Amino acid sequence: MNRYVAGLFVTALSFAARAQEPMVTAHGQVTVGSQALHYTTQTGLLPIYRNETAELVARLFVTAYTVDRPPGQPPRPLIFIWQGGPGA
């Protein structure tokens, strides 16, 4: 294993070992037409680290909504990302 790959591996392990703030989870339901959709909402802070020093430099607030699917159904990932706030 070369030094670069070993360094990335060690850095990834140090990030994973940090205590993460727990996400807040809530469950809800919405009716679309005549079909009820059950969903899970998760929200919390995503830590952002400086690559060179592994120093925590920011936390990004995130919200995720996922439809609760019956067992055996394949996942259908869909992501929306947007820049918001002052100056956007």
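# Worked exercises on a predicted model

Y39 has a relative accessibility of 27%, so this tyrosine counts as partly exposed (buried means under 20% relative accessible area, exposed over 50% and partly exposed in between, with a 1.4 Å probe and protein chains only). The model is predicted: local features need pLDDT of at least 70, side-chain atom pairs count only at pLDDT 80 or more, and totals for chains, interfaces and linings use all residues. Residues are numbered from 1 along each chain as its sequence is written, and side-chain values use heavy atoms, with hydrogens and water left out.

## Exercise 1: The overall plan

**Task.** State how many helices and strands there are in the protein, and what pattern the protein follows along the sequence.

**Solution.**
- Step 1. The protein contains one helix and three strands (DSSP runs numbered from the N terminus: helices are H or I with at least four residues, strands are E with at least two).
- Step 2. Along the sequence, these elements follow the pattern α-β-β-β.
- Step 3. The protein has 88 residues, of which 8% count as buried.

## Exercise 2: The first hairpin

**Task.** In which sense do β1 and β2 pair, and over how many bridges?

**Solution.**
- Step 1. Strand β1 covers residues 24–32, while strand β2 covers residues 35–49.
- Step 2. The pairing of β1 and β2 is antiparallel and runs over nine bridges (strands pair if DSSP finds at least two bridges between them).
- Step 3. Individual partners can now be named: Q29 is bridged to H38 in β2, and T31 to A36 in β2.
- Step 4. The two strands form a hairpin with two residues between them, and G33 in the turn has a positive phi of about 65 degrees.

## Exercise 3: The second hairpin and its turn

**Task.** Find how many bridges join β2 and β3, and describe the residue A54 in the turn.

**Solution.**
- Step 1. Strands β2 and β3 are antiparallel partners over eleven bridges.
- Step 2. Among the bridge partners in β3 are R59, which pairs with P47, and L56, which pairs with Y49.
- Step 3. These strands form a hairpin with six residues between them, and A54 lies in the loop that joins β2 and β3.
- Step 4. Most residues other than glycine have a negative phi. A54 has a phi near 65 degrees, a positive value in a residue other than glycine.
- Step 5. The relative accessibility of A54 is 15%, so A54 counts as buried.

## Exercise 4: A pair of charges

**Task.** Which two side chains meet in a salt bridge, and are these residues buried or exposed?

**Solution.**
- Step 1. Side chains of opposite charge can pair when their charged atoms come close.
- Step 2. The structure holds one salt bridge (a side-chain nitrogen of Lys or Arg within 4 Å of a carboxyl oxygen of Asp or Glu).
- Step 3. E55 and R50 form this contact, with 3.6 Å from N to O.
- Step 4. The relative accessible area of E55 is 42%, so E55 is partly exposed. R50 has 40% and is likewise partly exposed.

## Exercise 5: A pair of rings

**Task.** Identify the arrangement of the rings of Y39 and Y65, and explain which parts of the chain the pair ties together.

**Solution.**
- Step 1. There is one aromatic pair in the structure (rings of Phe, Tyr and Trp, the last by its six-membered ring, pair if their centres lie within 6.5 Å; planes under 30 degrees apart are stacked, over 60 edge-to-face and the rest tilted).
- Step 2. The ring centres of Y39 and Y65 are 6.5 Å apart and the planes meet at 55 degrees, so the pair is tilted.
- Step 3. Y39 belongs to β2 and Y65 to β3 (residues 56–67), so the pair ties together parts 26 residues apart in sequence.
- Step 4. Y39 is partly exposed at 27%, whereas Y65 is exposed, with a relative accessible area of 60%.

## Exercise 6: A residue of β2

**Task.** What distance separates the C-alpha atoms of Q42 and P22?

**Solution.**
- Step 1. Q42 is placed in strand β2.
- Step 2. With a relative accessible area of 34%, Q42 is partly exposed.
- Step 3. Q42 and P22 are 20 residues apart along the chain, and their C-alpha atoms are separated by 9.8 Å.
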